[in-house]
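Biologist: I am new to this structure and would love a close look at a single part of it. Could you pick one residue inside a helix and walk me through what surrounds it?

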Amino acid sequence: MTVIFDGIASGMLLFLISVGLSVTLGLMNFINLAHGAFAMVGGYVCVSLLNKMGVPFLAALPLAALATAAVGVVLERTLYCRLYAATHLDQVLFSIGLVFMSIATAHYFFGAQQQPLTLPDFLQGQINLPGLDMGIYRLFLIVLGLAIAFGLQRLVSGTRFGARLRASVDNPRAARGVGINVERIFTLTFALGSALAGLGGALGVEMLGLDPGFPVKYIVYFLIVVAVGGSGSITGSLVAALILGVADVAGKYYLPQVGAFVIYAIMVLMLIVRPQGLFGRRLAR
Amino acid sequence: MNVPTLDLTPLRRADRWHPAEWVFWLLPVAAYFIFPNNLVLLTQITITALFCLSLDLILGYAGIVSLGHAAFFGIGAYAAGLLSAHGFGDPLMGLVVAALVSALVGYLTSFLVLRGADLTRLMVTLGVSMMLYEIANKLTFITGGVDGLQGIEMKPLFGQFEFDLYGKTAYWYAVAVLFVLFWVARRLVHSPFGLSLKGIRLNVGRMPAIGAPVNARLSAVYTIGAIYAGVAGALLAQTTQFVALDVLSFNRSAELMLILVLGGSGSLYGALVGAILFMAAHHLLSDINPEYWQFWLGALLILIVLFARDGVMGALRRLRTALGKGSKK
Amino acid sequence: MTYALQTRNLVKKFGGFIATNDVSLDIEAGARHALIGPNGAGKTTLINLLTGFLEPTSGQVILKGEDVTRLAQHQRVRRGLARTFQINRLFADLTVLESVTMAVNERLGIGARFWKPVGAHTAAVDEAAALLATLRLLDVAHENTRNLAYGKQRLIEIALALAMKPQVLLLDEPAAGVPTTESRELFESIAALPRDVTILLIEHDMDLVFRFADKISVLVNGGLLTHGTPEQIANDPKVKEVYLGEAVYD
């Protein structure tokens, strides 16, 4: 049972980081392999605030998210927007280039070692129930993840911004035609996705670690969530992330010899059966 | 039916060897004499060129975006390496076995790349190569795991030419294999099959409407690409007599794409030029801090994608048109 | 009476939306048959179902007496069915001659030949050149497709279909986007096609339709409203209502 609990927590973390990628892919049809780099930015900002400036953890989290959003907006307006109409291959190449640059930069400023992070006392420890040990931090992650998932769902389906967003996803030309500023929607969505990634990265330091290799180590996981969940679907990302989280933790616990093989095998199998992902629409491209 | 008014020579002569090509193929010969102490590096360049050629076939000509092409490179390397390590050290036999194994895996996985949109295809190719990486990582008793596969001993080529310490045999062996496979690839891309691949890349939706069995063609070229990559991997195992786990890594696949884009995809020579430029630069700048190298590599990639998408070959093409030599290629 | 192309109760649904509503159509061999209807009536969807680009929700497509409903696009092409697209789907970086030769290669079954260069398969190249001659495209034969005027590109679109030597040709708005000065040339080429080729034409330009077609079917909201000769259709009050009446069908 604890394994499942840990898996769910892990899945929530994955969801937080990946949902931004899912939305930008679904919205802008942009394959952004550098998404993990945004998470890394959030992680480093959080760690720097915590360790170098003594900012409390719960305050550092939103600050990290904001900082990442700012970076996202700058990059989107200067670089990403030039490639919206480019082929997927070009986007992949571009984002790989961005990944290389981000890794080198992180290496330069922070060195190659893992970043230390001490959680505040109230987030440490466990609640011990019969048959289930609940880490407090993991519980925190699950609650936060659900709250954000719920909030996002409300944002997308219940607000005007969400309506404009969905219109822009369905038909950018028609959306422009009715006066929606699609470019601004893109930028805002990208900022939101980056912010969530940054938040996820900051939250993930405790569980996933943080070193310059983060974007490459974990990008596969994020892509799996998006590919399996179906791009553009929040529910899909959540479900896929939870499946992946549980499968990963369970796999490592019960079949340590096999390691990450399980994840990749599951992903390939799911994509063979449903190439458009669990909740995705069949893309024309 | 005669059409006296249309000059068909541009099409009829499209496959003639251009003088610049003759010059190009003198380079490996010249390099042997100009850089006699760097034969190991030159051999590596040759192998990378062949590996990049395999990616050009599937990506540059057929448009299949694969993030896991290193899978076949690794399969070929381990196949040839294991064969030698277990006593069957004849180099050509190693190549043939590597080619067959890569062909089999390539053919079987080709059905995966036929389904789904770009992202799915990307993920599936990546997933397959990561799975192979994990398998190789865990099966330490076969592959040597992280420590690598050792104990590879090569019998002399044709029973005559020993693999010497200076790397002379290895170099000419690699160059010869590259040339032969290049020549075959060149014929392939100028044939009706090659033309249909271009058609698939340019407008895949139109191809079934002119009666082309797209899936069969893609499967075929993917398998051929796998064979070429496998042979490149086998050459690596045979010339360095070692197989490291990273032959299957994502880094290899990503770096290969960078090399191809640098040289310019869709022209075969772009793959070769890219490999030469990249490996030479890597060698010359190897004293530099690896972070700087990675940073500027990333920046270069971004600049190429934004401003010089068709790489070196594309730039040369535009230069030639600008200098008034006309012609579209 | 032999029928070149038929559908039996063809239905296509996208989720809850019915794009093609129980269409049963018989097109006689050698006919010049036009399909008209307001925008959104489902004409292109019908063509897509006929060619195999889309799979029907239910119903059958019958080509020269053979049920081809389960066959893939390229298999139907091999059996003599070809189409053009409403928006050009061409090969931007190939020359005109290369594009048409590629199509001819597929028809001749040599598309998979991998050793001899394209230029050495002289039968295919000559046939492609001859086709270009009949469509008056010889002067641009060695030009890249992307550099050509839209009217010329539209002719290439047709050339690709004609390269299949089809017995049944489906033309989806061939004159769409072509300036009137060039569309005459286009239609002359189509009218010059031999009578043993059956043609189904989607068009909005009524002048062209009435000049060209000997039979017209009217499609509205995915279903067939009526069939008839041009005179019958021109005088049919239901058709007039669809085109000129309330905005219900828009």
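Modeller: Happy to; here is a walk from the whole chain to one alanine, then on to a neighbouring topic or two. Please keep in mind that this is a predicted model.

Let us start with chain A as a whole. Chain A has eleven helices and two strands. Reading from the N terminus, four helices come before the two strands, and seven helices follow them. The radius of gyration of chain A is 18 Å, close to the 19 Å that the globule rule gives for 285 residues, so chain A is as compact as a globular protein of that length. Along its principal axes, the C-alpha trace of chain A spans about 60 × 45 × 35 Å. Of the 285 residues in chain A, 52% count as buried. Contacts in chain A also reach across the sequence: among those between residues at least 6 apart, 77% join residues at least 24 apart.

Now for the close look. A:A39 sits in helix α2 of chain A, which covers residues 35–53. Is this alanine buried or exposed? A:A39 has 35 other C-beta atoms within 10 Å, and 20 or more are enough for a residue to count as buried, so A:A39 is buried.

Which residues does A:A39 touch, leaving aside its neighbours within four places in sequence? The contacts of A:A39 are A:I17, A:A197, A:G198, A:G200, A:G201, A:G204 and A:F214. One of these partners, A:G198, is 159 residues from A:A39 along the chain, yet their C-alpha atoms are separated by 4.3 Å.

Helix α2 turns up again when we look at helix α3 of chain A. The buried residues of α3(A) include A:A60, A:L61, A:A64, A:V71 and A:E76. What covers the buried residues of α3(A) includes α2 and α8 (182–208) of chain A. As for its length, α3 (residues 57–78) has 22 residues, which at 1.5 Å a residue should span 32 Å; the end C-alpha atoms are 32 Å apart, which agrees.

Finally, chain A has a partner. The contact between the chains takes 41 residues from chain A and 34 residues from chain B. On the side of chain B that touches chain A, the elements giving two or more residues are α6 (118–138), α11 (250–263) and α13 (290–307) of chain B. The largest share of that side, 14 residues, comes from α6(B). By class, the side of chain B that touches chain A has 23 nonpolar, five polar and six charged residues.

Note on methods
Residues are numbered from 1 along each chain as its sequence is written. Chains are lettered from A and ligands numbered from 1 in the order in which they are written. This is a predicted model: local features need pLDDT of at least 70, side-chain atom pairs count only at pLDDT 80 or more; totals for chains, interfaces and linings use all residues. The radius of gyration is taken over C-alpha atoms; the globule rule is 2.2 Å times the number of residues to the power 0.38. A residue is buried if 20 or more other C-beta atoms lie within 10 Å of its own, exposed if 12 or fewer, and partly exposed in between; C-beta atoms are placed from the backbone. Two residues are in contact if their C-beta atoms, placed from the backbone, lie within 7 Å. Ala, Val, Leu, Ile, Met, Phe, Trp, Tyr, Cys and Pro count as nonpolar, Asp, Glu, Lys and Arg as charged, and the others, Gly among them, as polar. The expected span of a helix is 1.5 Å times one less than its number of residues.
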